[in-house]
Amino acid sequence: MNKVANKYYLGPAPLVEMASQIATANGPSGNNRDYLFKLEKEMANIGHEDDYVVELANEVRNVLDSMKQQKSPNVPLPLRSHASFLPIESRSENPLIVDSS
């Protein structure tokens, strides 16, 4: 893999660095760690475990555990809300009346 084949490819990196990036990164389809954990699970379900995927997933779990144990993590876990935003409407026909007496 190289920059010509994939413009997002960053090059080779140690397992710990990749795990740290995967543990904290997310994109339009969700968290990278969730994708990795689902990939690991589904590969096991079809009987095609990949040693490297398992090793990487375990290292991501180690990174997440160490982040949870830190009181102030250097890199916070990105949180993704599953709640929809609700529009707030003005109700001018029922204004709020405050009695200041």
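On the outward side of helix α2, the residues Tyr35, Lys38, Lys41 and Asn45 are exposed. That is a good place to start looking at this predicted model, and the rest of this report follows α2 and its surroundings.

**The helix itself**

Helix α2 covers residues 32-45, which makes 14 residues. At 1.5 Å a residue, a helix like this should span 20 Å, and the C-alpha atoms at its ends are indeed 20 Å apart, so expectation and model agree. Just after α2 comes Gly47, which takes a positive phi of about 75°.

**The buried face**

Now turn to the other side. Arg33, Leu36, Glu40 and Met43 of α2 are buried. If you look down the axis of α2, its buried residues fall within an arc of 100°, so they line one face of the helix. What covers them? The cover for the buried residues of α2 includes helix α1 (15-24), strand β2 (30-31) and helix α3 (51-69).

**Meeting α3**

Two packed helices are described by the angle between their axes and the distance between the axes. The axes of α2 and α3 come within 10 Å and cross at roughly 140°. That angle makes α2 oblique to α3. The crossing in which α2 passes α3 is left-handed.

Which residues of α2 meet α3? They are Arg33, Leu36, Phe37, Leu39, Glu40 and Met43. From α3, their partners are Val53, Val54, Leu56, Ala57, Asn58, Val60, Arg61 and Leu64.

**Two alanines to compare**

It is worth finding two alanines in the structure above. Ala19 lies in helix α1, and Ala44 is found in helix α2. Are they buried or exposed? Ala19 has 0% relative accessibility, and therefore counts as buried. Ala44 has a relative accessible area of 33%, so it is partly exposed.

Leaving aside residues up to four places away in sequence, Ala19 touches Leu56, Glu59, Val60 and Val63. The table pairs each alanine with a residue further along the chain.

| Pair | Separation along the chain | C-alpha to C-alpha distance |
|---|---|---|
| Ala19 and Glu55 | 36 residues | 9.7 Å |
| Ala44 and Val54 | 10 residues | 9.5 Å |

**Putting it together**

To retrace the route on your screen, begin with the exposed residues of α2, such as Tyr35 and Lys38. Then turn to its buried residues, including Leu36 and Met43, and find α3 among the elements that cover them.

Conventions: Residues numbered from 1 in each chain as written. Predicted model: local features only at pLDDT ≥ 70, side-chain atom pairs only at ≥ 80, totals over all residues. Heavy atoms only, no water. Helix = DSSP H or I, 4+ residues; strand = E, 2+ residues; numbered from the N terminus. Expected span 1.5 Å × (residues − 1). Buried < 20%, exposed > 50% of the residue type's maximum accessible area, 1.4 Å probe, protein only. Arc of directions from axis to C-beta. Contact = heavy atoms within 4.5 Å. Axes fitted to C-alpha atoms, helices over the stretch in contact; angles between N-to-C directions. Parallel < 35°, antiparallel > 145°, perpendicular 65-115°, else oblique. Left-handed = near helix turned anticlockwise from the far one by under 90°.
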